[in-house]
Amino acid sequence: YDKDGNKFVGPNDFAPDRHGGMYFTCSGTAPGPKIDGKIFYIAKDGTITQKATDLHSANGIVVSNDGATLYAIETDDHRLVEFTIGPDASLSDRRVFINLDDLTHNPVHVYPDGMKMDSRGLLYIGQNPRDVHAPLAGTIFVVDATGKLLRTLDRKSVV
């Protein structure tokens, strides 16, 4: 539980910031229609506070290299959202960064899972299509800071 009694349901992924703290996602009770994923923050002093709610299966999370933006995956909505990070570790200005279904124009849903950012600010987004035989199974999408798809990595290209 955080300092206000908010429960951690399905802790999933974490991302450190530049201030000795760390954000982490709790997926909630997804998969399913319930939208109860959350983002919490553990401050340097160990205090835990809830920073965002109503995420649909909160999953992978990354703090941008400049420390100004937090990216979080909503697996069951097939997208990444982003927040502006405040000086007090608050999150504001929630917006959709990219929708993987729109990005790939794939005939079946793409379920983003984990992500990492490289030193150039490129996001590497892994996905789990929930069917190992589906198109794009195991594909990693590489996007820039504008959400433009630069390339994909899959079993055939990474041998």
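**Group meeting: a walk through one predicted chain**

Okay, let's start with one residue and work outwards. Leaving out neighbours within four places in sequence, T69 is in contact with V62, V63, S64, E82, F83, I85 and R95. Before I go on, please keep in mind that this is a predicted model. So where does T69 sit? You'll find T69 in strand β6. Is T69 buried or exposed? At 14% relative accessibility, T69 counts as buried, because the cut-off for buried is under 20%.

Stay on β6 for a moment, as A72 has its place in that strand too. A72 comes out at 0% relative accessibility, so A72 is buried as well. And what does A72 touch, not counting residues up to four places away in sequence? The answer is I39, G60, I61, R79, L80, V81 and M115. One distance to go with that: A72 and L55 are 17 residues apart along the chain, and their C-alpha atoms are separated by 9.0 Å.

Right, let's zoom out to the chain. How many helices and strands are there? We have 1 helix and 12 strands. If you trace the elements from the N terminus, the order is β-β-β-β-β-β-β-β-α-β-β-β-β. The radius of gyration is 15 Å, close to the 15 Å that the globule rule gives for 159 residues, so the chain is as compact as a globular protein of that length. If you prefer box dimensions, the C-alpha trace spans about 45 × 35 × 30 Å along its principal axes.

What about inside and outside? Of the 159 residues, 47% are buried. The accessible surface of the chain comes to about 8200 Å², and carbon and sulfur atoms account for 53% of that. On contacts, take those with a separation of 6 or more: 37% of them are between residues 24 or more positions apart. And a word on charge: the chain has 17 positive and 21 negative charges, and the mean positions of the two sets are 3 Å apart.

Now the cores. The largest nonpolar core has 16 residues. Which of them have the most contacts inside that core? Those are Y23, I39, L70, F83 and L91. Several strands feed in here: β3 (37-42), β4 (48-55), β5 (58-63), β6 (69-74) and β7 (79-85) each supply at least two residues of this core. Apart from that one lies another core, of 15 residues, with L103, V110, M117 and I125 among them. Two names here came up earlier: I39 is one of the residues A72 touches, and F83 is one of the contacts of T69.

Last stop, two loop residues with a backbone detail to look at. H78 is in the loop between β6 and β7. H78 is not a glycine, yet its phi is positive, at about 60 degrees. Is H78 buried or exposed? Its relative accessible area is 9%, so H78 is buried.

The other residue is A89, which lies in the loop between β7 and β8 (91-99). A89 isn't a glycine either, and its phi is positive too, near 70 degrees. The relative accessible area of A89 is 7%, so this residue is buried.

If you open the model afterwards, I'd begin at β6 with T69 and A72, then step into the loop that holds H78. That's it from me.

Key. Residues are numbered from 1 along each chain as its sequence is written. This is a predicted model: local features need pLDDT of at least 70, side-chain atom pairs count only at pLDDT 80 or more; totals for chains, interfaces and linings use all residues. Side-chain values use heavy atoms; hydrogens and water are left out. Helices (H or I, at least four residues) and strands (E, at least two) are DSSP runs, numbered from the N terminus. The radius of gyration is taken over C-alpha atoms; the globule rule is 2.2 Å times the number of residues to the power 0.38. Buried means under 20% relative accessible area, exposed over 50%, partly exposed in between (1.4 Å probe, protein chains only). Contact means heavy atoms within 4.5 Å. Accessible areas come from the Shrake-Rupley method with a 1.4 Å probe; for residues, only the protein chains shown count as cover. Lys and Arg count as positive and Asp and Glu as negative; His and the chain ends are not counted. The place of a charge is taken as NZ of Lys, CZ of Arg, CG of Asp or CD of Glu. A nonpolar core is a set of buried Ala, Val, Leu, Ile, Met, Phe, Trp, Tyr and Cys residues joined through side-chain atoms within 4.5 Å.
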